[in-house]
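Visitor: I should like to take a close look at one single part of this model and then understand its surroundings. Please begin with the detail and work outwards.

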Amino acid sequence: MRQQLSAQIEPFGDTAVLIRWQQIIDPIVNAQVCALAADLGEHPLAGVLELVPSYSSLAVLLEPGFAAADELIARLRERLDQLEVSDDESARRLITVPVCYGGPEASDLREVSERTGLALEEVIARHTAPEYRVAMLGFLPGFPYLMGLDPRLSVARKLTPRVWVPAGSVAIGGSQTGIYPCESPGGWQIIGRTAAVLFDARSRPPALFCPGDRVRFRPISAKELPLAKVQIQ
Amino acid sequence: MSIRILAPGFQTTVQDRGRSGWRALGVGQSGAADGPALRLGNQLVGNGDDDAGLELTLLGPRLRFLDHSFFVLTGSDIVAELGGRSIPMRRPVWARAGSELTLGACQTGARSYLCMAGGVDVPPVLGSRSTDVTGRLGGLLGRPLQAGDVLPIGSGDSARWRPGAAIPDDGEPFRLARFFVQENAHSYLTAHGSAIVRVTLGSHAAELDARARAEFFATEWQLTPESSRMGVRLDGAWRLQEPLGELVSEPLVPGTVQLPPGGRPIVLGVEAPTTGGYPRVAQVIAADLPLLGQLRPADKLRFSVVDLDAAHAAWRLQEDRLLRIALGLKLRAE
């Protein structure tokens, strides 16, 4: 059990309520967000349609016409006060993603190396070293926002976003790293590629990742890329 | 039953009432930008509220009915000809197999809806047939329609209106239903100056000083051409003195008014991303989201700040109106 962090609960327009912790990118805050989302998922409150966790906020979407926001806010406050957040790391899945760093298509690995003053190998070593945490999914279906990037690898987004980023691109945007589930325009710096399927609408669940998952990257060669499999432990 | 798209128009997509339950995975709501217009269309042809129709944007498509069909046009008034003859809005039409529907420019808003008895019968993806263009999900292959596409239409054999059966064999290419709905499900104010879009205050409104905030909400904004289902982008005389900065990404919903560092607001639409990092200064009330979906590039709007009670009352008013129309149609059909 962990000490309860304070959070504000406020109306989010007339169809949602927003619970906001201190607005920082931090695993302890994010664990609280995930724990409250899990609690509300297992024991739903009347009038709640959907839950959307992010780094340090949780949106609670309401059924159309639900007008008792004040009452719901009081119920949410009770849940929050009684919330137990488990510290058990081993209860969260560890997902290992094979990544081919560099490559011919749409790669910014060299640019990241120049901007950080680190050799290419050093960029790869520092990107594969940490265990990341999936803080939230957003931007595109199945896109994981990972926290835990080595601060030395933090590079600003591209001034002009690329019109085309291939599916499976592993990228850095500021202090975050993530993977593009499908081809899309995008402004993050691309350092590698994976053949992992991050989102398939026909699968249940449709997304490979869920908030709270632990993630590691495993470097592989271009030859291994098409066949290398994701490992889930 | 099916239809063939001969020319796609500006952007024609399959939409229903939207997708819910998958936001936590980054899958947004999507659905008709003017929900009440789609709902009215479904009611007029005897469909259920969950059925899908076509959303037509600014310039409609040209298409052929490959079977006898029963359809209606709702939403923005749109230039429409069936077999070379003009057809009215909000009045169902029996069309013969092989007849060609030519849709022109939207006249009063940005989006019109073509609803066919039986609904557009593409397979639901994550519980909805709506096309999510950004996420490449739903609709037909997750994209706007193209020339040559053939879309399946449900059998539409509702007890009330049987398409085909009702067309007399008199050589006419179509027949109009006796019943129709006079007015739109909500009013489009754009033809007469500024639309008034009602909002509640957002989390970051307090970070603007009192004067900047008052001026923000007094400004007349104009939609820029980059506006889309994802959101409408606004420009106006208001200038942000000091950027509110970028924040940790938080959840977003349709209707969120974001204020990026450049000071030009973005009002998110039905295809809003599920999360984002710009300050949120306001939130469009649920009852005014359909109006937002009808605004066109160069249209003008002002925000009007209301409280939650007013927002709920506006929603109930709109809902009552739609329920009254539905009841009237039900009585008419029996």
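How many bridges join strand E17 (residues 256-258) of chain B to strand E18 (residues 266-268) of chain B?

Guide: Two bridges join strand E17 to strand E18 of chain B, and the two strands run antiparallel. The model is a predicted one, in which local features need pLDDT of at least 70 and side-chain atom pairs count only at pLDDT 80 or more, while totals for chains, interfaces and linings use all residues. Residues are numbered from 1 along each chain as its sequence is written, and chains are lettered from A and ligands numbered from 1 in the order in which they are written.

Within this pair, Val257(B) has Val267(B) in E18(B) as its bridge partner. Two strands are said to pair if DSSP finds at least two bridges between them; strands (E, at least two residues) and helices (H or I, at least four) are DSSP runs numbered from the N terminus. The pair belongs to a closed barrel of seven strands in chain B, which runs E13-E20-E17-E18-E15-E14-E21 with mixed pairing.

Strand E15 (231-235) of this barrel leads to a loop that ends at strand E16 (250-251), and Gln241(B) is found in that loop. Gln241(B) is exposed, because 9 other C-beta atoms lie within 10 Å; the cut-off for exposed is 12 or fewer such atoms, for buried 20 or more, and partly exposed lies in between, with C-beta atoms placed from the backbone. Between Gln241(B) and Ile5(B) there are 49 Å in space, C-alpha to C-alpha, and 236 residues in sequence.

Chain B also holds an open sheet. Six strands in the order E7-E6-E9-E4-E1-E11 form this sheet, with antiparallel pairing. Strand E7 (85-86) and strand E11 (150-152) stand at its edges with a single partner strand each, so one side of each has no neighbour in the sheet. At one edge, strand E6 (residues 78-82) pairs with E7(B) in the antiparallel sense over two bridges, and Leu82(B) has Arg85(B) as its bridge partner in E7(B).

The wider plan of chain B has two parts, domain 1 (2-185) and domain 2 (190-317), with bounds that come from an automatic or database domain assignment. Their centres, taken over C-alpha atoms, are 29 Å apart. Where they meet, 21 residues of domain 1 are in contact with 16 residues of domain 2, contact meaning that C-beta atoms placed from the backbone lie within 7 Å. Helix H1 (residues 35-44) of chain B provides the largest share of the domain 1 side, namely three residues.

Chain B as a whole has four helices and 21 strands. Its C-alpha atoms fill a box of roughly 70 × 35 × 30 Å along the principal axes, and 53% of its 334 residues are buried. Of the contacts between residues at least 6 apart in sequence, 76% join residues at least 24 apart.

Finally, chain B meets chain A. This contact takes 33 residues from chain B and 39 residues from chain A. On the chain A side, at least two residues each are supplied by several strands, including strand E1 (8-11) and strand E6 (132-137), while E3(A) gives the most, with five residues.

Key: Contact = placed C-beta atoms within 7 Å.
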